[in-house]
Amino acid sequence: MRGILAIATALVLAAGSLLTAAPSHAQSKGEVVIGVQCDRTGPTQIVGTVLCPGFHDYIALVNSKGGVEGRQLKALEIDHEYKVPPAVESYERHKKDGAVTMAVYGTPQIYALAAKLTEDRIPGTSPGFGSAAAADGIRYPYIFPIAATYWSQGAAAVDFVKKQLGGSLKGKKIAFIFYDNPAGREPIEVLEDVAVREGFQLKTFAVPPPGVEMGAQVLDIAQRYKADFVIGHLFGGAPSVSIKEFKRVGYPLKKFVSFVWGAGEANIEGAGGFAVAEGYYVMQFAGVGPDYPVLNEIREMYKKQGKPAPKEMASTVFYNRGVLIAALHVEAIRNALKAKPDGKITGEDVKKGFEKISNFTLGGLVPPLKITPNDHEGGGLVQIWQVKDGKFVKVTDWYAAYQDVVAKHIKEAGAKK
Amino acid sequence: MIQRECGVLKTTYEADMGLYPLPIARWTVAAVAVLFFLVIPLTLHEYFLSVANLVWIAIIGALGLNILVGYTGQVSIGHGAFMSVGAYTAANLANRLGSPWPVNLLAGGLMAALIGAIVGIPSLRIKGLYLAIATLAGQLIIEWTINHVTFISGGVQASIEVARPRLGPLVLSSQREMYYFLLVFVVLAIIGTMNLMRTRVGRAFIAIRDQDIAAEIIGINIFRYKLLAFAISSFYAGVTGVLYTYFLGIANYEQFQIGVSIDYLAMIIIGGLGSVLGSIFGAIFVTLLPIVIRYSMEAFGGIFFSQQTVLNLIPNLRLMMFGALIIFFLIVEPEGLNRLWRNIRSYFRVWPFAY
């Protein structure tokens, strides 16, 4: 046995020295492949089952109109149940199938793939989740948040609260209720900084996973701490529970603003419907509602095929986000193809394509992002919407706030390494 | 492996103690080694090697858990947490002290062994389901600690990036390089476990599993051996965590949550408790089955449904089929895939002269 092992080891070393790094795939003709990861069966399935169809519908729409620069697109999807090993497998599978860009889904997944994406020079997007520090395009050249990170969301939330409370936060009490995991805690440092600047009192309330038990925290916020405003940052089924609990203790929901993952129709319906959640404010990184030209085109496309529009379209928040993510990937590919007339594009070209995206709004569904080699977040723009009369109503237009604070934190995170 | 044992005459103690006393078994092992060290990595695409890498990591973890659950009979639902202990120890060492990966690997394993032994203390007083709950508490406490103590987790994001392992001038980063890196540890883990079970320590573990009072009466120090079982098992878990960290390039606590512990428990139960081959079969089964099911659905799903429906059906049907197959295999052979394999083997041992 020992002898065999020695021989095997020697052979391995010999073989290893022959190996070189795999060349990145360059596609000249045929379809441009996009790798899509999705969670349709895991803990965040209420997002995935709507977001992913949105992604595919947009790609189908682009293809039905002749593709991008004459090239058809192909979106390969793999469901990873929000687990890390299937995400790794799915990434490698997509790489094998020649994907030049990856729509990653989930915070632990983008962490796990960050090193690989950079080594293989394939851009990966993490819209609305993942590490806020990844907005730094120099340190994370192949990670693209492409939507407001949790830091930007936190800053924007405070700005919104300030306007709601009459323009000054001096001496006010703000409660931050969050899901107790890394993604949930991420905005706290930005909130604390802003609290010092604006002179308000910030108290954080952790909700332990799986986030269905928060009666004590909510009671504390409403009756002991008597918060002037609440900022919520919860995932999965937790936002619905929070709406119910705040309602139960009689805290007005018009003093509550939720981050982007507590902002879907499904979250409201889980709490008992729009009537229950009247007044609830939500933050969005994509436009809400069915009235965008691109959505009409998708409905038109289905009509032409003689099919009814998919039922997922009714859940506009997550569906529109799927469209937004797909649209940004398509724009990046378009920019890459324009830059390379021979059509041989690699992940590197698509990365540069992402960094050229600016003022691409898709009729208002996408914020006017400006992604640059330095800033992969694109400005951190959000809108606030409110539950009113059975639907979401727009309260503010695209805005970002306290960008200097967010920039400072991004810089500090970059300096740590 | 399929083999016959006639005509084997042992003349020395050394020959008698060999891990594989039969020549044909040795040749089979050599053939398997050539297959996995040369044929597979040099012919297959990197994608398949990435799947193999996930299997390798699972095998080491499953072997460790099998030492504790299968051989010593102490149920543990804290395996994922012990992996995270190893991962964060290594990641912190690598980033704070810049120590090389062999040191980190060993330190991660030893730290996990220490924590594992501490979590194992209740096993001296409780057994079975009660112990399972005690280790579950261990899992949750460790998860909470890593999640909240920034000294360990390296910040609120609870994730620490680590550089790729280096072997002299070679930086191991591609899946093919990782394949070899991990495979070496798989071989070490397999040989280690096989030999461990033939030593006094291993036999003591088995005695404790079969009847702990009887074991105590024949002079086995239950206190020492139970904790040793936890320590060794956690050492394997810690090493798994470190390898996983180097494989991904990051230690992130969400990779080691309670679901992972359950997955590993599922692996050894499906594979077969108390067997090395069973751990391997189980790890392969649990890791590969979802992928195989997805491939077959992609191939045949389009015949019956539209593309969008298939996309939605695949993940759900995959979960259902995965569950159904586990139930099927456990009904066919409650003692796991290893027993199934042994049945096939013993059938062919006398084939075609069954009588």
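## Contacts between and within chains A and B

In this predicted model, 53 residues of chain B are in contact with 47 residues of chain A. Contact means heavy atoms within 4.5 Å. The model is a prediction, in which local features need pLDDT of at least 70, side-chain atom pairs count only at pLDDT 80 or more, and totals for chains, interfaces and linings use all residues. Residues are numbered from 1 along each chain as its sequence is written, chains are lettered from A and ligands numbered from 1 in the order in which they are written, and side-chain values use heavy atoms, with hydrogens and water left out.

### The interface between the chains

The size of an interface is often given as the accessible area lost when the parts come together. Between chain B and chain A, about 4500 Å² is buried. Carbon and sulfur atoms give 59% of that area. Buried area here is the accessible area (1.4 Å probe) that two parts lose on being put together, summed over both.

Charged pairs cross this interface. The rule finds eight salt bridges between chain B and chain A. A salt bridge is a side-chain nitrogen of Lys or Arg within 4 Å of a carboxyl oxygen of Asp or Glu. Polar contacts across the interface come to 15 residue pairs, both residues at pLDDT 80 or more. A polar contact is a pair of N or O atoms within 3.5 Å; within protein, one must be able to donate a hydrogen and the other to accept it, and residues adjacent in sequence count only if both atoms are side-chain atoms.

Which helix of chain B gives the largest share of the side that touches chain A? Helix 14 (residues 307–332) does, with seven residues. Helices (H or I, at least four residues) and strands (E, at least two) are DSSP runs, numbered from the N terminus. By class, the side of chain B that touches chain A has 26 nonpolar, 17 polar and ten charged residues. Ala, Val, Leu, Ile, Met, Phe, Trp, Tyr, Cys and Pro count as nonpolar, Asp, Glu, Lys and Arg as charged, and the others, Gly among them, as polar.

### Salt bridges

Over all chains the count comes to 33 salt bridges. The table gives some of them.

| Residue | Partner | Closest N to O distance |
|---|---|---|
| A:Lys83 | B:Asp263 | 3.9 Å |
| B:Glu46 | A:Lys95 | 3.6 Å |
| A:Arg139 | B:Glu161 | 3.6 Å |
| A:Lys311 | A:Glu312 | 3.7 Å |

A:Lys83 forms a salt bridge with B:Asp263. This pair crosses between chains. A:Lys83 lies in the loop between strand 2 (73–79) and helix 3 (84–96) of chain A. B:Asp263 lies in helix 12 (residues 258–271) of chain B. A:Lys83 has a relative accessible area of 33%, so it counts as partly exposed. B:Asp263, at 28%, also counts as partly exposed. Buried means under 20% relative accessible area, exposed over 50%, and partly exposed in between (1.4 Å probe, protein chains only).

The side chains of B:Glu46 and A:Lys95 also meet in a salt bridge. Here helix 3 (residues 46–71) of chain B supplies B:Glu46, and helix 3 of chain A supplies A:Lys95. Are these two residues buried or exposed? Both B:Glu46 and A:Lys95 are buried.

A:Lys311 and A:Glu312 pair within chain A. A:Lys311 is exposed, at 69% relative accessibility. A:Glu312 is buried, with a relative accessible area of 13%. Elsewhere, salt bridges that share partners join A:Asp79, A:Glu81, A:Lys83, B:Asp263 and B:Arg318 into one network.

### Two domains in chain A

Chain A is assigned domain 1 (32–148 + 289–364) and domain 2 (150–284 + 383–416). Domain bounds come from an automatic or database domain assignment. The domain centres, taken over C-alpha atoms, are 27 Å apart. The contact takes 23 residues from domain 1 and 22 residues from domain 2.

About 1700 Å² is buried between these domains of chain A, with 59% from carbon and sulfur atoms. The rule finds zero salt bridges across this interface. Polar contacts number nine residue pairs, both at pLDDT 80 or more. On the domain 1 side, helix 2 (45–64) and helix 12 (316–339) of chain A each supply at least two residues. Helix 12 gives the most, with four residues. The domain 1 side has 13 nonpolar, seven polar and three charged residues.

### A buried glycine

A:Gly353 is found in helix 13 (residues 347–354) of chain A. Its relative accessible area is 0%, so A:Gly353 counts as buried. Not counting residues up to four places away in sequence, A:Gly353 touches A:Ala332, A:Asn335 and A:Ala336. The C-alpha atoms of A:Gly353 and A:Ala336 are separated by 4.8 Å, with the two residues 17 residues apart along the chain.
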